[in-house]
Amino acid sequence: MALLMSCALLLAALAAVLASATQAHAFTTIGSLKLTPSSGSIDTPLLVTRVETDGPCPADTVTSALAVDIPGTDFAGNLAKLESAPSTTEAFSGTLADNVGFPYPTLKQRLLNAIPEASLDGVYTIGLNCGLNAADAPAFTVLIEVEGDSWSVLEQKTTGITLSSVPAQPELGTTYTLVANVAPEGAAGRVTLGSKATETAEPVTIGEADVVDGKAEFTLTAPATSGSSYFHLAFAPTDTQSYAPSESDGYLSFLEANTPTTPPPTTPAPGGSEDLVVTDSEGNTLEADPALEPGDTVKITAHGFTASAAVKADLDGGTALADATADAEGTVNEYAFTVPDDIEDGDHTLTLAEDASGGQSVEFAFSTGAGATDDPTDSPTADPSDTTSPDASTGGSDTGGSGSGGSDTGGLGTDSGSGGVLASTGAELGTAALGGLALIAAGAALVLHVRRKGMLRFTAPRH
């Protein structure tokens, strides 16, 4: 009986040692891990109750455990065990359990073994390994941050990577810059560029570059013939605790004709240019610089663009309009434009410009509002029979002097050189002056007659 009891105690002690043993070597990460809950106390007997992976364990995996990568060592200390066998065919989730009778050490105890006297605050790797106690066990991992007696999953910022080029549409056979744009701002790291034979083919690495100011740049040579080049971009952040990696695919199209050709000189078509024809809503062709009203709709046909080019439309250099697309012959056909209801009176310009460096640009000029007319000769003329008073007419009267080209009558200037508008006024004033002189002469004669008859005397005043 004593021998049996000794064996039992020995087996129990051995089980306890195995239960609390550390796994040799750190993790080999094969995927990401989700913990439930995502935060808690580092002194809790069971750190988490449930885990979820983003992929399967290797085919020969039969068991799994949750462990923490012990800092400063090549060991990972077990914290809990997966209650069911891990899947070897697909992503899986499962519940965790403590070891019955001989519980696993807590996260705090594990860390104190490695950091007995210093602060435990920091970032640590938690892994669900595929193969309990296996060396270099593949594992699904997640980063946690410890602060005081609490822990929480470290939330990494999502990153994104997109593709562009300089120039935007490289010419065949020329050197251009391929740009990998990385977001968010501040995400430092390195971009690996891969080339793909087809859109679905596996990428072949052709270069690596560091991210500077949100961009990683590669110098490449455009193909000699038209077609599309496919690329794969992979961003590896320097700060893996703060930023997550990202990948994306992209492509560039290279065309035979990337530079618009200048059309041969021709007789300008209605609408002001050989590249432009404008018609109204009834299909009538408009002359150059027509007068339009708010609400009028015209259709613009413009030539000379690159085949299938994207074309931007703009009003007066500041109002973006709906985009257009050139056809296979480089023509934008019947682009519909409606004059805005709130447009200001005056001269305006609608521009159709190719969305590429050095591309074709065509302008349609028109006018609106007061003064805008289809017939520039249609303007009001003066009626020769109209009369204007001297006080209300510019150049008509000049107090104290003669008007330009006029005559001086009693200090009142009249302008007879104003095309007849003031001529009748001058005649009427002359007639009135003559009549006044006649009255004065008649009065003088009457005075002489009365004086001679003794009816009127002039004597010196009395003092």
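Select Ala65 to begin, and then Asn129 in strand E8, the residue that stands opposite it. Ala65 belongs to a pairing in which strand E5 (residues 64-69) and strand E8 (residues 122-130) run antiparallel and are joined by five bridges; strands here are DSSP runs of E with at least two residues, numbered from the N terminus, and two strands count as paired if DSSP finds at least two bridges between them. The model is a predicted one, in which local features need pLDDT of at least 70 and side-chain atom pairs count only at pLDDT 80 or more, while totals for chains, interfaces and linings use all residues. Residues are numbered from 1 along each chain as its sequence is written, and side-chain values use heavy atoms, with hydrogens and water left out.

Stay with E8 and add E9, to which eight bridges join it in an antiparallel arrangement. Within this pair, Tyr124 has Ile144 of E9 opposite it.

Strand E9 (138-147) leads to the largest pocket, since both E9 and strand E2 (28-36) supply at least two residues each of its lining. The volume of this pocket is about 370 Å³, where a volume is the space filled by probe spheres set on grid points that are joined across faces, edges and corners. A pocket is an open set of points on a 1 Å grid over the protein atoms alone, where a 1.4 Å probe fits, with protein on both sides within 12 Å along at least five of seven lines, and lining residues have an atom within 4 Å of a point. To centre the view, select Ser32, Thr141, Val142, Leu143 and Gln156, which are the closest to the pocket centre of the 15 lining residues. E2 gives the most to this lining, with four residues. By class, the lining holds eight nonpolar, seven polar and no charged residues, with Ala, Val, Leu, Ile, Met, Phe, Trp, Tyr, Cys and Pro counted as nonpolar, Asp, Glu, Lys and Arg as charged, and the others, Gly among them, as polar.

Move next to the second largest pocket, in which about 270 Å³ of space lies. Of its 14 lining residues, Ala168, Gln169, Ser253, Leu255 and Asp355 are the closest to the centre. Its lining comprises nine nonpolar, three polar and two charged residues, and the largest share, three residues, comes from strand E17 (residues 246-254).

While E17 is selected, pick out Ser246, which lies in this strand. Is Ser246 buried or exposed? Ser246 is buried, with a relative accessible area of 10%, where buried means under 20%, exposed over 50% and partly exposed in between, for a 1.4 Å probe and protein chains only. Its side chain makes a polar contact with the side chain of Thr159 at 2.9 Å; such a contact is a pair of N or O atoms within 3.5 Å, and within protein one must be able to donate a hydrogen and the other to accept it, while residues adjacent in sequence count only if both atoms are side-chain atoms.

Finish with the open sheet of three strands, ordered E11-E12-E15 with antiparallel pairing. Strand E11 (160-166) and strand E15 (215-221) are the edge strands, each pairing on one side only. Seven bridges join E11 to strand E12 (residues 175-183), and Thr162 stands opposite Asn181 in E12. E12 and E15 also pair over seven bridges, with Leu220 in E15 as the bridge partner of Tyr176. Colour E15 by face to see Ala216, Phe218 and Leu220 on the covered side, and Lys215, Glu217, Thr219 and Thr221 on the uncovered one. In a regular strand the side chains alternate between the two faces of the sheet.
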